[in-house]
Amino acid sequence: MPGSLEQLDLGVQIPYHFRCPISLELMRDPVTVRTGQTYDRSSIESWVATGNTTCPVTRAPLTDFTLIPNHTLRRLIQDWCVANRSFGIERIPTPKQPADPALVRSLLNQASSISNPAQSRLSALRRLRGLFRDSDKNRSVISSLNAREILIEIVFSGTDSESLELNHEALALLVMFPLTESECESVVSNGDRVAFLSHLLFHSSIEVRVNSTALIEIVVAGTRSPELRAQVSNVDEIFEGVIEIMKNPIASYPRALKVGVKALFALCLVKQARQKVVSAGAAEILIDRLPDFEKCDAERALATVELLCRVPEGCAAFAAHALTVPLLVKIILKISDRATEYAAGALLSLCSASEQSQRDAVAAGVLTQLLLLVQSDCTDRAKRKAQLLLKLLRDSWPEDSIGNSDDFACSEIVIPSY
């Protein structure tokens with residue numbers, strides 16, 4: 001959006017009173033403070049958020065931080081943008097106003113009151129969900145009014161046919177929030193609640209299944225207690241449900257794969273769960289879907305592969321997939337430093353457990369990749385794993401390979417317990 005002073009060279013002068021006194025850029029959402037001065041909403045909110053308690057222009061104390069939308073000025077700015085569109089200036093959109101805390105409180109009361117008709121409660125939840133999506137300001141307001149505790153209660157309230165739609169709508173809103181540790185523990189420590197979430201993993205609606213998966217990931221990742229985390233691993237259906245979510249085609253519901261791999265990684269942090277994750281088919285789905293992940297999700301998927309390779313069943317399952325070793329070799333130095341570290345760690349486990357995996361890695365060109373890795377700016381852990389792999393595979397290199405060269409002293413490396 002052309003609105004900064006750098007745009008003066010285009011042949012159009014931005015009127016002084018259209019610029020925010022703080023940012024000196026064209027205002028997109030002008031608001032007036034108690035002193036009568038007008039600022040762009042984002043600029044004055046940042047000013048106040050950093051601890052300032054005075055008006056930036058007048059330096060007068062701001063005892064009231066209410067921001068009043070300046071609709072007249074905003075319309076004048078929009079008209080000016082339209083008049084100067086030949087200079088490449090786009091019309092600023094009409095901003096959505098932040099939710100009134102009184103309205104949010106009323107909607108939460110309406111949604112939580114069991115004496116209200118189900119349709120009224122459902123309508124309140126849907127309106128809250130819309131407000132939450134509109135802006136960060138709305139999210140902050142809703143979070144500050146005890147919304148998470150209210151939503152948790154609604155999600156796990158009655159399970160009759162009339163209540164289920166309420167459960168699902170509250171769940172869709174709840175997974176948008178970060179939960180505190182105590183809120184996470186209130187879910188994982190309750191067997192009935194965990195069982196209900198596992199049941200939702202097989203619901204006919206993909207949205208309900210994905211939201212249930214998302215909440216499982218949130219509460220498991222947000223719980224520090226190993227004992228409470230382990231309680232979740234006692235429910236075998238959870239692993240099957242999460243794996244099924246990851247099989248969903250990206251074209252039909254893109255969020256499913258992202259949420260699924262986050263949940264799978266969180267579950268694998270519980271050591272007792274890893275064998276069950278493998279038995280549910282995690283190895284095949286992780287390798288098959290690896291090319292479909294975006295960077296952050298690919299890192300998480302590779303971290304999950306490395307964790308699962310630490311158990312014998314996991315090593316065997318990944319080694320049995322023809323694409324595992326070639327894909328891991330190919331990924332080295334391709335996605336990110338973290339991805340490289342996880343891929344090298346998984347290869348180290350696989351090659352330590354299987355001579356066939358060693359031969360597959362050599363055939364896939366792992367030598368070149370590892371030598372490039374140890375000379376790169378990658379993490380020290382990744383380099384250490386690469387050096388261990390080079391030593392492990394030294395007897396497998398072709399005779400004319402640089403792997404047998406004295407230039408690379410793998411023999412000096414001490415293999416730590418892994």
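**Exercise 1. A salt bridge between two helices**

Is Glu 207 buried, partly exposed or exposed? Then find its salt-bridge partner and place both residues in the fold of this predicted model.

*Solution.*
Step 1. Check the accessibility of Glu 207. Its relative accessible area is 30%, so Glu 207 is partly exposed.
Step 2. Look for the partner. Glu 207 forms a salt bridge with Arg 129, and the closest N and O atoms are 2.5 Å apart.
Step 3. Place the two residues. Glu 207 belongs to helix α10 (residues 206–221), and Arg 129 belongs to helix α4 (residues 118–134), so the bridge ties together parts 78 residues apart in sequence.
Step 4. Check the partner's accessibility. Arg 129 has a relative accessible area of 13%, which makes it buried.

**Exercise 2. A bridge within one helix**

Which helix holds both Asp 297 and Arg 300? Describe their contact and their accessibility.

*Solution.*
Step 1. Place the pair. Both residues lie in helix α16 (residues 295–308).
Step 2. Count along the chain. Asp 297 and Arg 300 are 3 residues apart, about one turn of the helix.
Step 3. Recall the geometry. An α-helix has 3.6 residues a turn, so residues three or four places apart point the same way.
Step 4. Inspect the side chains. They meet in a salt bridge of 3.5 Å, N to O.
Step 5. Compare accessibility with the 20% cut-off for buried. Asp 297 is buried at 5%. Arg 300 is partly exposed at 21%.

**Exercise 3. A second inter-helix bridge, then the wider count**

Which helices do Arg 381 and Glu 341 lie in? Then find how many salt bridges the structure holds.

*Solution.*
Step 1. Start with the contact. The side chains of Arg 381 and Glu 341 form a salt bridge of 2.8 Å, N to O.
Step 2. Assign the helices. Arg 381 is in α22 (residues 380–392) and Glu 341 is in α19 (residues 337–353), so the pair ties together parts 40 residues apart in sequence.
Step 3. Read the accessibility. Arg 381 is partly exposed at 46%. Glu 341 is buried at 6%.
Step 4. Look for shared partners. Arg 126, Arg 129, Glu 165, Glu 169 and Glu 207 are joined into one network by salt bridges that share partners.
Step 5. Give the total. The structure holds 22 salt bridges.

**Exercise 4. The two sides of helix α2**

Where do the buried residues of α2 lie around its axis? Name what they pack against.

*Solution.*
Step 1. Define the helix. α2 covers residues 71–83, which is 13 residues. Its span from first to last C-alpha is 18 Å, close to the 18 Å expected.
Step 2. List the buried residues. They are Leu 73, Arg 74, Ile 77, Gln 78, Trp 80 and Cys 81.
Step 3. Look down the axis. The buried residues fall within an arc of 160°, so they line one face of α2.
Step 4. Turn to the other side. Thr 72, Asp 79 and Ala 83 are exposed there.
Step 5. Find the packing partners. The buried residues of α2 pack against β1 (30–32) and β2 (38–40).

**Exercise 5. Sequence distance and spatial distance**

How far apart in space are Gln 231 and Val 188? Do the same for Pro 15 and Met 246.

*Solution.*
Step 1. Place Gln 231. It lies in helix α11 (residues 226–233) and is partly exposed at 36%.
Step 2. Take the distance to Val 188. The two are 43 residues apart in sequence and 7.2 Å apart in space, C-alpha to C-alpha.
Step 3. Check contacts. Leaving aside neighbours within four places in sequence, Gln 231 touches Val 188 and Ser 189.
Step 4. Place Pro 15. It sits in the segment before β1 and is buried at 19%.
Step 5. Take the other distance. Pro 15 and Met 246 are 231 residues apart along the chain, and 53 Å separates their C-alpha atoms.

How values were computed:
Residues numbered from 1 in each chain as written. Predicted model: local features only at pLDDT ≥ 70, side-chain atom pairs only at ≥ 80, totals over all residues. Heavy atoms only, no water. Salt bridge = Lys/Arg side-chain N within 4 Å of Asp/Glu carboxyl O. Helix = DSSP H or I, 4+ residues; strand = E, 2+ residues; numbered from the N terminus. Buried < 20%, exposed > 50% of the residue type's maximum accessible area, 1.4 Å probe, protein only. Expected span 1.5 Å × (residues − 1). Arc of directions from axis to C-beta. Contact = heavy atoms within 4.5 Å.
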